[in-house]
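Hello,

Here is the structure I promised to hand over. My notes follow below it.

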Amino acid sequence: MATINDVCKLAGVSKATVSRVLNSTGQVKKSTADAVYHAMDTLGYKPNSLARALATNCTHTLGLVVSAFEGAYFSSLMRTASETSACAGKQLLIMDGGHSAESEELAISSLVERKVDAIILYTRKMPAATLKSLMEKLPVPLIVINQMVEGFEERCICFDQYKAACQATEFLIANAHHNIACISGPEDSVNSGLRLRGFKDTLARHQLDHCGIYHGDYYTESGYRGCQDLLASGHAFSAIFTANDGMAMGAIRALHEAGIKVPEEVSVMGFDNDPAGPFLIPSLSSVMLPVEAMAQTAVEQTLLLLKGEKISAIELFSGSLIVRESVDQPQKPS
């Protein structure tokens, strides 16, 4: 097996010169660098990536922690982050956040031990104070998707959860739904709270009150159970706003089993624009989150940080209302 000494001998240069070529440090003439690469190709020499990482304090790897691996939303996020990293010559290591702040911190610690150059975190559970502490103390940059951290706004890639929930609720009201129930996300989730507040505030602006709120966990079964509870409560409602599409699908199943037609008797509005939505019967109205654009932006901000470039805060991403069959409308879209 060829060694770095063999490369030095064939290229006619010192070990220090070969090191500068491999690590892109210092000034090396193009002709010298070409001679080193030619010698490596001739000898079949493969540099030790670990040794290079120790020498340069750079592993060319990024870490990504996500709160769940399930569903199309996180699949799109992980795929886009991986592709964007690869295009920049970086390897992406992905860790499961495990649905708790404690497990997310453990995943971050594990990535730090693996010497990643930076970490991107998508969290549903970690408090803002903990995030701020990590951003201040971690030995590598931390970039957060979908949660704002005071003082580190330029490292936060966020979606306007509140505005999107307002938009979806306004659409229901504009289509003559004044008795609206809600299947929200977990009570300890920041983003779930923002969606619920947008729902409540929009009703209040129209001098309306909600017809029941159930806190689910974003999984389909909790939407099913939540809808059953809302029906059992005795409150009459003509529409349900759900905090994600998975729970909306569960709600539609519960309504079907109760003999209630969607959308003729009860309309259902989702959130996230799951790829399965258009193929449901009825197809699901929802709010589209630009998760791929957010993931790409998070990686790009990370790469700029690693280059030592100044970065600025990114404007909040906006949602798009996707109108399909699950919301009954007096004026049907043409």
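**Cis prolines**

Pro282 sits in the loop that runs between E9 and E10. The peptide bond joining Ile281 and Pro282 is cis, with omega about -5°. Bear in mind that this is a predicted model.

There is another cis peptide bond to look at. It joins Val262 and Pro263, and omega is about 10°. Pro263 belongs to the loop between helix H11 (245-257) and E9.

**Positive phi outside glycine**

Asn146 is not a glycine, yet its phi is positive, about 75°. You will find Asn146 in the loop between strand E4 (142-145) and strand E5 (156-157). Its relative accessible area is 2%, so Asn146 is buried.

Gln207 is not a glycine either, and has a positive phi of about 55°. Gln207 lies in the loop between H9 and strand E7 (213-215). Is Gln207 buried or exposed? Its relative accessibility is 76%, so Gln207 counts as exposed.

**Helix H8**

H8 covers residues 161-174. Does its length fit its residue count? What span should its 14 residues have at 1.5 Å a residue? The expected value is 20 Å, and the end C-alpha atoms of H8 are 20 Å apart, so the two agree.

The buried residues in H8 are Gln161, Ala164, Ala165, Cys166, Ala168, Thr169, Phe171, Leu172 and Ile173. What do they pack against? Their partners are E6, H9, strand E8 (239-242), strand E9 (267-269), strand E10 (286-288) and strand E11 (320-322). After H8 comes Ala176, with a positive phi near 70°.

**H8 against H9**

Two packed helices are described by the angle between their axes and the distance between the axes. For H8 and H9, the axes come within 7 Å and the crossing angle is roughly 40°. That angle falls outside the range under 35 degrees that counts as roughly parallel, so H8 is oblique to H9. The crossing is right-handed.

Which residues meet here? H8 contributes Gln161, Tyr162, Ala165, Cys166, Thr169, Glu170 and Ile173. From H9 come Asn191, Leu194, Arg195, Arg197, Gly198, Phe199, Asp201, Thr202, Leu203 and Arg205.

**Asn191**

Asn191 is part of helix H9 (residues 190-205). With 7% relative accessibility, Asn191 counts as buried. Leaving out residues up to four places away in sequence, Asn191 touches Asn146, Gln161 and Tyr218. Asn146 is the buried loop residue with positive phi from above. Gln161 is among the buried residues of H8. Sequence and space can be set side by side for Asn191 and Ala174: they are 17 residues apart in sequence, and their C-alpha atoms are 25 Å apart.

**Asn179**

Asn179 lies in the loop between helix H8 (161-174) and strand E6 (180-184). At 41% relative accessibility, Asn179 counts as partly exposed. Which residues does Asn179 touch, not counting those up to four places away in sequence? They are Cys211, Ala236, Phe237, Ser238 and Ala239. Asn179 and Ala239 are 60 residues apart along the chain, with 6.7 Å between their C-alpha atoms.

**Helix H3**

H3 spans residues 30-43. The length check works here too: 14 residues at 1.5 Å each should give 20 Å, and the end C-alpha atoms are 20 Å apart, which agrees.

Thr32, Ala33, Val36, Ala39 and Met40 are the buried residues of H3. They take up an arc of only 125° around the axis, so they lie on the same side of H3. The face turned away from that buried side carries the exposed residues Lys30, Ser31, His38, Asp41 and Thr42. Gly44 follows H3, and its phi is positive, near 70°.

**H1 against H3**

Helix H1 is made of residues 4-11. The axes of H1 and H3 come within 9 Å and cross at roughly 125°. H1 and H3 are therefore oblique to each other. The contact is made by Asp6, Val7, Leu10 and Ala11 of H1 with Ala35, Val36, Ala39, Met40, Thr42 and Leu43 of H3. Val36, Ala39 and Met40 are among the buried residues of H3. Thr42 is one of the exposed ones. The crossing of H1 and H3 is right-handed.

Best regards

Methods: Residues numbered from 1 in each chain as written. Predicted model: local features only at pLDDT ≥ 70, side-chain atom pairs only at ≥ 80, totals over all residues. Heavy atoms only, no water. Helix = DSSP H or I, 4+ residues; strand = E, 2+ residues; numbered from the N terminus. Expected span 1.5 Å × (residues − 1). Buried < 20%, exposed > 50% of the residue type's maximum accessible area, 1.4 Å probe, protein only. Arc of directions from axis to C-beta. Axes fitted to C-alpha atoms, helices over the stretch in contact; angles between N-to-C directions. Parallel < 35°, antiparallel > 145°, perpendicular 65-115°, else oblique. Left-handed = near helix turned anticlockwise from the far one by under 90°. Contact = heavy atoms within 4.5 Å.
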